[in-house]
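Colleague: Please take a close look at the enclosed space inside this model for me, and at how the helices pack in it and elsewhere in the chain. I would like a connected account rather than a list.

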Amino acid sequence: MTTGEDTAISVAPSTGATGVPAMIPSDETTAGVAAPNIGPARDLTGRTPDPFRLDRPSIRSSFDRASATYEAAAILQARVNEELMSRLEFFKFQPHVILDLGTGTGRGAEELKRRYRRALVVALDMAPGMLREAQRRQHLFRRFERVCADAMRLPFADSSVDVVFSSLMLQWCDPLDVAFAEVRRVLKPEGFFAFSTFGPDTLMELRAAWAEADGYNHVNQFVDMHDVGEALVRAGLVEPVLDVDRVQLTYTDALGLMRDLKTIGAHNVTEGRSRGLMGRARLTRMQAAYETHRQDGRLPATYEVIYGATWGAAGRAGASAVAGEVRISPNAIRRPTRR
């Protein structure tokens, strides 16, 4: 299920930050009065909710507001998108319908239409502002369709898509099983799914620094590569192959990283986030803690990028999980016939 080895890439620009992921958190404003540490809120039943559960309306609003500034700061996203796109070259696809799932500003949809000119390319995003920016990438003879919808509930018929391409969007899907189930549903039995997402070591320095500053979540919780693979199997997708790359960006200070995260709309949208304004005392504690990671005059920001590829369900049902293990019938283990 997994392949390849981790690679470390150091990126150190001459000014500020190098780029930033379409994902987690910078978060609250740096001014105002510090919110009291009252602990996580409880729902109407008295139960404590999952502090890392993502607030989907907030995700949509955050990326919608950041749509005009996203492209200028999304250097890492562009790099990962290019790498994921290059992996399609190993397959001689002649797809009729391609879905760019979580298109953002349409970078992937534009390139997919260039590569597969006869295909219907659909760019889907939950943020209307992102799709307005994607419109700017339209060309007279290379046009793609734009659809505003949620990846957790795709507005497409069963078995209607040949290729699903998704770069750095799945980390915003909670639970991941729902998103994979939707991909399986719309993907043709012999279709292909290529994706990238972030792993648990992403922004580990920022997470550790905030842990010393207060008791709230400031960085999303990312799914481990092995758990991603198991979720693919549970969805009934076939022959998943995953590998990991680690990219390290460097900054002059922690605020540079946080500004980049804010610019691309990657706010903290977990249920366990602080609901008040962030005081300067907490921010100062976080900055001091982050300084312990400084190397050669720069502050590192690590991103663990998971790349994955898998085939359609080929008529199989999804596998069930029992006590954390995925159970698959021996009769179900067979290689699907390629067209």
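Modeller: Happy to. One term before we start: a crossing is right-handed if the near helix is turned clockwise from the far one by less than a right angle, and left-handed if it is turned anticlockwise. By that convention H3 passes H4 in a right-handed crossing. Please keep in mind throughout that this is a predicted model.

Let me begin with the space itself. Searching the whole structure for cavities of 30 Å³ or more turns up 1. Its volume is about 400 Å³. There are 31 residues in its lining, and those closest to the centre are Gly 102, Thr 103, Gly 104, Asp 125 and Leu 168. Sorted by class, the lining holds 17 nonpolar, 8 polar and 6 charged residues. Several elements each give two or more residues to this lining: the helices H1 (56-65), H2 (67-73), H3 (75-86) and H4 (107-115), together with the strands S2 (97-101), S3 (120-125) and S5 (161-167).

Two of those lining helices, H3 and H4, also pack against each other. Their axes come within 10 Å and cross at roughly 30 degrees. Angles under 35 degrees count as roughly parallel, so H3 is roughly parallel to H4. On the H3 side, the residues that meet H4 are Ala 78, Asn 81, Met 85 and Ser 86, and their partners in H4 are Arg 107, Gly 108, Glu 111, Leu 112 and Arg 115. The make-up of this contact is 3 nonpolar, 3 polar and 3 charged residues.

Back to Leu 168, one of the residues closest to the cavity centre. Leu 168 lies in the loop between S5 and H6, and its phi is positive, about 55 degrees, although it is not a glycine. That loop is worth a second look for its backbone: Pro 175 also sits between S5 and H6, and the peptide bond joining Asp 174 to Pro 175 is cis, with omega about 5 degrees.

Following the chain out of the loop brings us to H6 (residues 176-186), whose axis comes within 9 Å of that of H8 (residues 225-234), with a crossing of roughly 45 degrees. The two helices are therefore oblique to each other, and H6 passes H8 in a right-handed crossing. Leu 176, Asp 177 and Phe 180 make the contact from H6, while Val 228, Ala 231, Leu 232 and Arg 234 make it from H8. Of these residues 5 are nonpolar and 2 are charged, with no polar ones.

For another packing geometry, turn to H9 (residues 254-263) and H10 (residues 280-290), which pack at about 115 degrees with their axes 10 Å apart. That angle makes H9 roughly perpendicular to H10. H9 brings Ala 254, Leu 255, Leu 257 and Met 258 to the contact, and H10 brings Leu 283, Met 286, Gln 287 and Tyr 290. By class, this contact has 7 nonpolar residues, 1 polar and no charged.

Note on methods: Residues are numbered from 1 along each chain as its sequence is written. This is a predicted model: local features need pLDDT of at least 70, side-chain atom pairs count only at pLDDT 80 or more; totals for chains, interfaces and linings use all residues. Side-chain values use heavy atoms; hydrogens and water are left out. On a 1 Å grid over the protein atoms alone, a cavity is a set of points where a 1.4 Å probe fits but cannot get out, and a pocket is an open set with protein on both sides within 12 Å along at least five of seven lines; lining residues have an atom within 4 Å of a point. Grid points are joined across faces, edges and corners, and a volume is the space filled by probe spheres set on the points. Helices (H or I, at least four residues) and strands (E, at least two) are DSSP runs, numbered from the N terminus. Ala, Val, Leu, Ile, Met, Phe, Trp, Tyr, Cys and Pro count as nonpolar, Asp, Glu, Lys and Arg as charged, and the others, Gly among them, as polar. Axes are lines fitted to C-alpha atoms, for helices over the stretch in contact, and angles run from 0 to 180 degrees between N-to-C directions. Angles under 35 degrees count as roughly parallel, over 145 as roughly antiparallel, 65 to 115 as roughly perpendicular and the rest as oblique. Contact means heavy atoms within 4.5 Å.
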